Amino acid sequence: MALTSRAMLTLRSVSPAALALALLAAGPARAQEPADPHLALEGVETPSSLDWVKAENAKTLPVLTGDKRYQGLHDAALKVLAAKDRIAAPTFVGTSVFNFWQDADHVRGVWRRTSLESYRSADPKWETIIDLDALAKAEGKNWIWKGADCRPKTHDRCLVSLSNGGKDAVEVREFDLTTKSFVKDGFFLPESKQTIDWLDADTLILTRDWGAGTTTDSGYGMVVKTLKRGQSLEQAVEVFRGEKADVSARPHVLRDAKGNRVVLIERATDFFHTKTFLLDDAGKATLLPIPERSSIRGMVGGDLILTVEEPWNYEPMPSLGRNFPAGSLVSVSPKALLPKPAAGKDEIIISNDCDPCTIFEPGARQSIDQVAVTDNRVVAVIYDNVKGGIRSFSDHGEFGWRSQGLPGLDNAAVSIVATADSGDQVFYTVEGFITPTQLKLADATKTGAERVKTLPARFDASRLQVEQKEATSKDGTKVPYFLVSQKGAKLDGSAPTLLHAYGGFQLSKLPVYDPLIGKLWLERGGSYAVANIRGGGEFGPAWHEAALKANRQRAYDDYFAVAENLISTKVTSPRHLGAYGRSNGGLLMGVALTQRPDLWNAVVVESPLLDMIRYTQLPAGASWIGEYGDPAIPAERAWIEKYSPYQNLKAGVKYPLAYITTSTKDDRVHPGHARKFSARLADLGQPYMYYENTDGGHANGADPAANAKRWALHYTYLSRQLMDH
């Protein structure tokens, strides 16, 4: 009866009028396709959609929150998320250290500051700058913090970004750090997805939705303008215009310690390819001849610092070229990239200095994960077989770049947290699956580092062990994975095991310390595996490109190979194996459910892409064509259709009970994906659980309390499906 009720509810929620309206909105190109009976669920906050969500939540929440394990999991999660002895993540603003902090007393959070000396002490003395709880209450708004960008040199005013409910679209206001108040008649930018930088103390350069014809098919700004203090948005001056088919056009202002300033316009033609322009003082934009698959990371000594994600053959003149392999870290002066004046036929150009120069070239099992700059150094996090280290590079002119290591840990994840606005100080963290996070402060010109903070252990790791293993994928590729398991556990297939992966957008899954996984899963006897599948960035651009577009199935085959390895080595069994992923990882979960339902007894599908035939028609979706391909092109649609989870749900297949969850306020991955997939399962009479958080955005966690509920629901479901107790 329950399944029949689900199906009836789904059909009732999509009225013929709503369906017709949705089909018209889809455009003539889609009118010839078979009607999607659940298209109306793409209406984010239409009454019929919200009624459907309310009914689904009313079915799922009592089951999970009524489980005897839920409250304990919730309380443990909230204790972790709201703990006051967490490491307060630092950022530099001028000579001060700033931090955004949330706990049980500050649910929305406070933006606060202290001195570097005070921060390094055991008990920093914080000064509140913005109390977001008080601001939201005073204005009657659902404000979620999205950061601040402070103007250079003076560091006295900042552009504060506030989101309604966690959306990517933000409202931006100018804030005075001296008076701790918003600037009357200061810069104010209404809600939009926008990218802003300070051109000078009284001028912004930005992209946003300026009105009709100024946004791309992906919903991002394609027109860059300058806005002077006191001007209205209508008075902003256009300096660059991209194309509607682009992902976006955005400004980027770089400065270095020697007083150099470079204004760049980055025109993203897809998610990975960017045409980079140098904007001069006269407003002329010159295309720079750097690879379209590259990322500019900063500027040191007048040189641009970039990573190239495709081979770069730089040829300043015939017979003189330099080759930089994909994945390399490179320096180059803007002058070397600008058009050269015509040389006389007898003129010979000779230079002893390399420009561009190789800073670091990774090996086959290495990758560059992060890059930051200080006044005199380039600092990079480098992974070797998915184990991190951090190095500082200095320029020695004609002798090239030299490097030195900074202290880390074995088998650890490393992350650059912040670099000083002036000087060479850098905060970075080191951590492992069962080793609590350490925050270090280093002078990048030296070889030592001070351990400033250490996160207290959040779970009992005394009975845990970490191993790095390897599975063989369908095409013979060796795929590494980490396994955190109980010491001395019998290899009889009984261990409740959660397998996590992402496999896209060149993002790596690293050995990080996660207190929630530790407390809510590992400490309770579970095992946890992280698969470093293709599509990620664990081994550089080639590892990512191996699973792009038509080769997407390789990422899924890698994931299945790790699952099969866990089963064949009797770490676990299908009865006790669960899968978890979100966003692009949520797509992976949809494929795991539809292609290999035999491998799992639990699948958490969070904030997912699932209808890959319509993903480009939903907000922000068109920006990912570079990753997945374009379903509007018949040849590409053919291979997308083979794995698209929504289209591959079939009658007569026994699927494991899935937990599907998203957020109404997610304006990055449309909630319609999760809704329609669930409704299709209902059509097929399949069991599933669905929960939609009304706030939180793509991260699904607007505050510690909401996030505690989110994780308690996850682990209650996983416990019910995978644990025997």
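This is a short walk through two helix contacts, a four-stranded sheet and a hairpin in a predicted model.

Okay, ground rules. Since the model is predicted, local features need pLDDT of at least 70 and side-chain atom pairs count only at pLDDT 80 or more, while totals for chains, interfaces and linings use all residues. Residues are numbered from 1 along each chain as its sequence is written, and side-chain values use heavy atoms, with hydrogens and water left out.

Let's start with helix α17, residues 704-722. Helices here are DSSP runs of H or I with at least four residues, strands are E runs of at least two, and both are numbered from the N terminus. Helix α5, residues 70-81, comes within 8 Å of α17, axis to axis, and the two cross at roughly 140 degrees. Axes are lines fitted to C-alpha atoms, for helices over the stretch in contact, and angles run from 0 to 180 degrees between N-to-C directions. So α5 and α17 are oblique to each other; under 35 degrees would be roughly parallel, over 145 roughly antiparallel, 65 to 115 roughly perpendicular, and the rest is oblique.

Who touches whom? On the α5 side we have Y70, L73, H74, A77, L78 and L81, and they meet α17 residues including P704, A708, L713 and Y715. Contact means heavy atoms within 4.5 Å. The residues of this contact split into eleven nonpolar, four polar and one charged. For the classes, Ala, Val, Leu, Ile, Met, Phe, Trp, Tyr, Cys and Pro are nonpolar, Asp, Glu, Lys and Arg are charged, and the others, Gly among them, are polar.

Now α4, residues 47-65: its axis comes within 9 Å of that of α17, crossing at roughly 75 degrees, which makes α4 roughly perpendicular to α17. From α4, the contact uses L61, V63, L64 and T65, and from α17 it uses K709, L713, T716, Y717 and R720. That comes to five nonpolar, two polar and two charged residues.

On to strands. Four of them make an open antiparallel sheet, ordered β10-β11-β12-β13; two strands pair if DSSP finds at least two bridges between them. β10 (195-200) and β13 (237-241) are the edges, each with a single partner strand, so one side of each has no neighbour in the sheet. Neighbouring strands are turned by 25 degrees against each other on average, direction ignored. β12, residues 223-228, is joined to β13 by four bridges, and V224 sits opposite F240 in β13.

Last one: β30 (435-443) and β31 (450-454) run antiparallel, joined by four bridges. They form a hairpin with six residues between them, and L441 has E450 as its bridge partner.
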